[in-house]
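Colleague: I should like to learn how to read a few features of a protein model. May we take them one at a time?

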Amino acid sequence: MPEPYDVITMGRIGVDLYPLDIGVPLARVETFGKFLGGSPTNVAVAAARLGRRTAVITRTGRDAFGEYLHQELQGFGVDDRWVTEVEEYPTPVTFCEIFPPDDFPLYFYRQPKAPDLEIHPSELDLDAVRDARIFWMTGTGLSAEPSRAATLAALRARTGSPAREFRTATVFDLDWRPMFWDGGDHSSVAPARYREALAHATVAVGNIDECEIATGEREPHAAARALLAAGVELAVVKQGPKGVLAVHRDGSTADVPPLPVEVVNGLGAGDAFGGALCHGLLAGWDVARIMRYANAAGAIVASRLACSSAMPFPDEVERALAEGAVTEDIAAGSSGAAS
C-alpha cells in the first residue's frame, strides 16, 4: 500500500498576474509577474515548503498556462498527478492591485467556467483521499457542480471509512468568495452547503465574514462555538489585525496576537497560515503553538510581494518567532504572488 500523503488539498488553481508596481492602479501598471495561484494549491505549496509530502486535486485548461502550473507544482515539490486538463475552458487568471497595508483588490477571470469546478466524483482517487493524514477543501469547491458533488464525495470518504490511526484532520477552509456563487453576497444556498460540509470536517478555518456565512455569527467566540456545534473539533477564527482565535472541543483555547510586520501584499498570508496549520497539526503541537507558528508563516508572506514562491521555510518561521517580528532580512529571504 502506498505511503499516505501528509496533505492533499482540493480546489482552486490558476495563474496570478500580479503588478510589479506597488501602489499603482491596475490601469496604469506596466509590468507584471506570473505566479502559481489558487488558495488550496498554495496551501499545498506552503506545507511542502515546511517539509510535508503534499498533492493537489484540481484541473486546468489545456493550454500554455496549464503547462506552466504543472511546471510550478513540480518545482515546489507538490505532486501533480491529480491535476488534469479540461478541453472546454481556459486556465483561470487573477490580477490584483497592491496598496499596502490593507487594500489588495482581486480581479478573477474564471469565465465561462473555471476548470477547477469541473472535478467529477468518478475521477477521484478516494483511497488516497481517505488515507491522507490531512485533507483540505474549500468553500469555493461547493459553489458549482460537479465540483460540489466531488468535494462531498471526498469528505464522505473520510467520514464513511474506519478511522485510520495516522489520519490527523479534515480541514474545511471556509474561503468565502461571493463572486463565485449565484446571488453573490446574498446567495441563498451557500449557508446550507457550508453546513453540509461542516458535518464532515474536523477543523474549520475562516475569517469573520466567512464564519458568518457558515454559522450566522460574527462575534469571534460565538462563531467558534457555532462551528464546534456544527461538528468540527477545532475552530480557527482569523481576526486580521486582532490576530487569531482557536477553540478546541476539548476546551483548550488560544487567542494569539499577530506578529509585527511591514505589509507588502497580504493576499498570500492566509495560504501560508493554512500550510503551517497543517504542519503543526501533523506535528501534534498544542493549539497555542500551532497558532503562533501559523501566524508567523502568514506574516512572512505578507511581507513579500509574492504568494506561492514566497512561502517560508522552517528556519524562516523559527527566526520570526525568535525575533518576535518579521524583520527586513527575513522579509527579503524569498522572492517571487496570491489568490
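Modeller: We shall discuss a helix, a charged side chain and a strand in turn. Please bear in mind that this is a predicted model.

Colleague: How many residues of H4 are buried?

Modeller: Burial is judged from the relative accessible area, with under 20% counting as buried. In helix H4, residues 147-159, 10 of the 13 residues are buried. Among them are Leu152, Ala153, Ala154 and Leu155, and also Arg148 and Arg158.

Colleague: Which elements do the buried residues of H4 pack against?

Modeller: Their partners are strands E1 (7-10), E9 (134-138) and E10 (169-173), together with helices H3 (126-131) and H5 (190-198). As for length, H4 reaches 19 Å from its first C-alpha to its last, close to the expected 18 Å.

Colleague: Why does Glu210 have no salt bridge to Lys238?

Modeller: A salt bridge requires a side-chain nitrogen of Lys or Arg within 4 Å of a carboxyl oxygen of Asp or Glu. Lys238 is the nearest side chain of opposite charge, but it is 5.4 Å away, so buried Glu210 is left without a salt bridge.

Colleague: What does lie around Glu210, then?

Modeller: Glu210, in helix H6 (residues 208-215), is in contact with Leu174, Asp175 and Trp176, setting aside neighbours within four places in sequence. A polar atom of the Glu210 side chain lies 3.3 Å from the backbone nitrogen of Asp175.

Colleague: Which strands are joined to E2, and do they run parallel or antiparallel?

Modeller: Strand pairing is read from bridges and direction. E2 (residues 14-19) is joined to E3 (residues 32-37) by 6 bridges, running antiparallel, and to E7 (residues 93-96) by 3 bridges, running parallel. Val15 stands opposite Leu36 in E3 and opposite Val93 in E7. In E2, 6 of 6 residues are buried.

Key. Residues are numbered from 1 along each chain as its sequence is written. This is a predicted model: local features need pLDDT of at least 70, side-chain atom pairs count only at pLDDT 80 or more; totals for chains, interfaces and linings use all residues. Side-chain values use heavy atoms; hydrogens and water are left out. Helices (H or I, at least four residues) and strands (E, at least two) are DSSP runs, numbered from the N terminus. The expected span of a helix is 1.5 Å times one less than its number of residues. Buried means under 20% relative accessible area, exposed over 50%, partly exposed in between (1.4 Å probe, protein chains only). Contact means heavy atoms within 4.5 Å. Lys and Arg count as positive and Asp and Glu as negative; His and the chain ends are not counted. A polar contact is a pair of N or O atoms within 3.5 Å; within protein, one must be able to donate a hydrogen and the other to accept it, and residues adjacent in sequence count only if both atoms are side-chain atoms. Two strands pair if DSSP finds at least two bridges between them.
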